[in-house]
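Student: I would like to learn how to read a protein model, beginning with charged side chains. Could we work through one together?

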Amino acid sequence: MTISSNQLKTEIFYPDSDGKPMAESDPARDYLIYAVEALDIYFQARSDIYVSGNLFIYYKQGIPSAVIAPDVFVVFGVEKKKTL
């Protein structure tokens, strides 16, 4: 019997929350929101730039522990599409 590599793979779960609060204080939250909104306005004419913040970014496929959640980030060369 031959087993394909697809049969050996298990589904990998990528969490979308770590259960921790978004910001440490009201001012920190306000700065986060301000920075995302200011950059979004700055790049509003560009359809190839995505601006967001406090979202998980998985940087190694298949390794859910390889994750960061920056307060604010800008991605160039992608569709400007908000996550659901």
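Tutor: Let us begin with one pair of side chains: Arg-29 forms a salt bridge with Asp-26, and the closest N and O atoms are 3.1 Å apart. The term salt bridge is used here for a side-chain nitrogen of Lys or Arg within 4 Å of a carboxyl oxygen of Asp or Glu. Please keep in mind that this is a predicted model, in which local features need pLDDT of at least 70 and side-chain atom pairs count only at pLDDT 80 or more, while totals for chains, interfaces and linings use all residues. Residues are numbered from 1 along each chain as its sequence is written, and side-chain values use heavy atoms, with hydrogens and water left out.

Student: Where do Arg-29 and Asp-26 lie, and how many residues apart are they?

Tutor: Both lie in helix α2, which covers residues 26-42, and they are 3 residues apart, about one turn of the helix. Helices and strands are DSSP runs numbered from the N terminus, a helix being H or I with at least four residues and a strand being E with at least two.

Student: Which other residue is linked with Asp-26 and Arg-29 in a network of salt bridges?

Tutor: Side chains of opposite charge can pair when their charged atoms come close. In this model Asp-30 also forms a salt bridge with Arg-29, with the closest N and O atoms 2.9 Å apart, and in this way Asp-26, Arg-29 and Asp-30 are linked in a network. The search of the whole structure finds 3 salt bridges, and one of them joins the side chains of Arg-46 and Asp-48 at 2.9 Å, N to O.

Student: Are these charged residues buried or exposed, or something in between?

Tutor: The scale is relative accessible area, where buried means under 20%, exposed means over 50%, and partly exposed lies in between (1.4 Å probe, protein chains only). Arg-29 counts as partly exposed because its relative accessibility is 30%, and Asp-26 counts as partly exposed at 48%. Asp-30 is partly exposed too, with a relative accessible area of 40%. In the other pair, Arg-46 is partly exposed at 38%, and Asp-48 is partly exposed at 28%.

Student: How should I read the side chains of a strand, and which way do those of β1 point?

Tutor: In a regular strand the side chains alternate between the two faces of the sheet. In strand β1, residues 49-52, Ile-49 and Val-51 point one way while Tyr-50 and Ser-52 point the other way, and all are buried. Strands pair if DSSP finds at least two bridges between them, and β1 pairs with β4 in the antiparallel sense over 4 bridges. The bridge partner of Ser-52 in β4 is Phe-73.

Student: Why does Ser-52 count as buried, and which residues does Ser-52 touch?

Tutor: Ser-52 counts as buried because its relative accessibility is 12%. Contact means heavy atoms within 4.5 Å, and, leaving out residues up to four places away in sequence, Ser-52 touches Val-36, Asp-71, Val-72 and Phe-73.

Student: Which residues make up the largest nonpolar core?

Tutor: In soluble globular proteins, nonpolar side chains tend to be buried together. A nonpolar core is a set of buried Ala, Val, Leu, Ile, Met, Phe, Trp, Tyr and Cys residues joined through side-chain atoms within 4.5 Å. The largest one here has 5 residues, namely Leu-32, Val-36, Phe-43, Ile-49 and Val-51, and α2 and β1 each supply at least two residues of this core. When its neighbours within four places in sequence are left aside, Val-51 is in contact with several residues, including Val-36, Phe-43 and Phe-73.

Student: What is unusual about the phi of Asn-54?

Tutor: Most residues other than glycine have a negative phi. Asn-54 has a positive phi of about 55° although it is not a glycine, and Asn-54 is found in the loop between β1 and β2.

Student: Finally, which element has the lowest mean pLDDT?

Tutor: The score pLDDT is the predictor's confidence in each residue, from 0 to 100. Helix α1, residues 5-8, has the lowest mean, 55, whereas strand β4, residues 73-76, has the highest, 95. The protein averages 84, and 82% of the residues score at least 70. Where pLDDT is low, the predicted coordinates should not be read in detail.
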